[in-house]
Amino acid sequence: VTGVTTLVAGANDITLTNGGNNFTSVGITSGNNVSLTDGNALTLNASNVSGTFSANAGDVTVGGAVASTGGAVSLTASNSVTQSANLSAVGTNNVTVTATTGSITMAPGATTTSGTGAINYTAGINVTLGSLTTGGAVNVLANGGSVLSAVGSGTNVTASAASTLQAFNGVVGAQAAPLTVNVNPGTLSIRATTAIAGIS
């Protein structure tokens, strides 16, 4: 589909998981459990679902707010994820964003929220955070790079359970753009393999 795809399913499920799918951008006006697969790049327009929401593509761009009122939200890219808009789940439902080989880059004003569910961000290279907020745990893992703050963002992590920030080939925060974290109650575990000017 070379243009914009808009899907309206009411209280029904949407399952479009053929690996040969090739959308340009998709927005969900209504749907219960929604699963999307794109063999290439996929842009998500504003979407509202009442169940779970999952999207798998080569590259994923969150161009409009994606919200679930009754299920988990999961985005998986074989390359990179660019989050320009908000992601949200309610209650105990988790939000999971994975960029297998590339980076996760949030815009400074982009937010990801859950009621008390875990927020998990995992990237092959860097993770650049806007704002992650939950009454549960936040876990950020940069397998081949750093965990960074988007310049101009506010509090990067707000959590109420034990949380982790891990950079396996870089730093957690930088002097020019430090990470701001509020974990209360709970512990914060930080792991980094590199230091810049004695930081991280």
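**Exercise 1.** Determine which residues threonine 158 touches in this predicted model, not counting residues up to four places away in sequence, and whether threonine 158 is buried, partly exposed or exposed.

*Solution.* Begin with the location: threonine 158 lies in strand 21, which covers residues 157–159. Next, list the contacts, which, once residues up to four places away in sequence are not counted, are Leu132, Thr133, Thr134, Val138 and Asn182. Finally, take the relative accessible area of threonine 158, which is 25%, and because buried requires under 20% and exposed requires over 50%, this residue is classed as partly exposed.

**Exercise 2.** Work out which strands pair with strand 15 (residues 111–114), and in which sense.

*Solution.* Consider strand 12 (residues 87–88), which runs parallel to strand 15 and is joined to it by two bridges; here serine 88 has threonine 113 as its bridge partner. Turn then to strand 18 (residues 131–134), which pairs with strand 15 in the parallel sense over four bridges, with leucine 132 as the bridge partner of threonine 112. As for the faces of strand 15, Thr112 and Ser114 form the covered one, whereas Thr111 and Thr113 form the uncovered one.

**Exercise 3.** Locate threonine 100 and identify its contacts, leaving aside neighbours within four places in sequence.

*Solution.* Threonine 100 is placed in the loop that connects strand 13 (95–99) with strand 14 (104–106). Leaving aside neighbours within four places in sequence, its contacts are Ala77, Ser78, Asn79 and Gly124. As a last step, take aspartate 59, which is 41 residues from threonine 100 along the chain, and find that their C-alpha atoms are 10.0 Å apart.

Terms used:
Residues are numbered from 1 along each chain as its sequence is written. This is a predicted model: local features need pLDDT of at least 70, side-chain atom pairs count only at pLDDT 80 or more; totals for chains, interfaces and linings use all residues. Side-chain values use heavy atoms; hydrogens and water are left out. Contact means heavy atoms within 4.5 Å. Buried means under 20% relative accessible area, exposed over 50%, partly exposed in between (1.4 Å probe, protein chains only). Two strands pair if DSSP finds at least two bridges between them.
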